[in-house]
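Colleague: Got a minute to walk me through this model? I'd like to start with how the helices pack.

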Amino acid sequence: MEGIGGPPMPQWGHDAWRMYQYYLDKSTPHTTYRWIGSLVIVAIYCLRVYSDQGFYIFVFGLGIYLLNLLFGFGFLSPLVDPELEGTDGPLLPIKHSDYEFKPFIRRLPEFKFWYSMTKAFCIAFVMTFFSVFDAPVFWPILLCYGIVLFVITMRRLIGHMIKYKYIPFSIGKRVRL
C-alpha cells in the first residue's frame, strides 16, 4: 500500500510549482506589465523600509546585488566580451566598408534580469517582517560606500563601452549612412 501514489505533499508541491511556472511563462511577452508590477513591489518595499526606519543592511545588500546583476552578470555587458575572449582590438566594424549589422546581445537576458530583481525584492520584503534581521548600522556610511561603488563600476563600464565601441541600448531603428 505504501508504494501506490507516493506521498501527497510532493505531488502538491509539484503541482504548485507547475502552476507558478505556467503563469511565469504566460507573463514573458508582457514586458511593460511585468516591469510595472515590479515597480509596485519596489515601491511597497521602499515604503516598508522607510516606515520602519531600519533594515538598512538589506537595502545596501539589495543595491549591491542589483549592481552585480546590471554589470557583473552582464545585463549591460555584451554576450561576447572582447576582454574575456582575448581578441586584439574591437570586434565591431571600424570602417564603413567593414559594416555588418551585429546587434547587441546581452550576457543576461531582460527576462532573467527582471525575474532575479523581482525575486530579490520579494525576499528582502519578507525579511523585513523579522526583527532579528534589523541590524543597527550607521546608514550614511553605507550610502557613501554605495555611491562610490556605483561610480567606480559605471566608470569601468563606460570605459569598456568606449574602448569596444558598443551601446547596450537599442533606441529606434538603426539607419545606415
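Modeller: Sure. Helix H3 (residues 56–72) packs against helix H5 (residues 110–127) at an angle of about 170°, and their axes are 11 Å apart. Helices here are DSSP runs of H or I, at least four residues, numbered from the N terminus; axes are lines fitted to C-alpha atoms over the stretch in contact, with angles from 0 to 180 degrees between N-to-C directions.

Colleague: Which way does H3 run relative to H5, parallel or antiparallel?

Modeller: Roughly antiparallel, because of that angle; the cut-off is over 145 degrees.

Colleague: What is this model, and what got filtered?

Modeller: It's predicted: local features need pLDDT of at least 70, side-chain atom pairs need 80 or more, and totals for chains, interfaces and linings use all residues. Residues are numbered from 1 along each chain, and side-chain values use heavy atoms, without hydrogens or water.

Colleague: Which residues of H3 meet H5?

Modeller: Phe58, Leu62, Tyr65, Leu66, Leu69 and Leu70. On the H5 side, the partners include Phe113, Met117 and Phe121, with contact meaning heavy atoms within 4.5 Å.

Colleague: And what does Leu69 touch, leaving out residues up to four places away in sequence?

Modeller: Gly74, Phe75, Leu108, Phe113, Ser116 and Met117.

Colleague: New topic: how many residues are in the largest nonpolar core?

Modeller: 15, with Tyr45, Leu66 and Leu108 among those with the most contacts inside it. Such a core joins buried (under 20% relative accessible area, 1.4 Å probe, protein chains only) Ala, Val, Leu, Ile, Met, Phe, Trp, Tyr and Cys residues through side-chain atoms within 4.5 Å.

Colleague: Which element gives the largest share of this core?

Modeller: H5, with five residues.

Key: Helix = DSSP H or I, 4+ residues; strand = E, 2+ residues; numbered from the N terminus. Parallel < 35°, antiparallel > 145°, perpendicular 65-115°, else oblique. Buried < 20%, exposed > 50% of the residue type's maximum accessible area, 1.4 Å probe, protein only.
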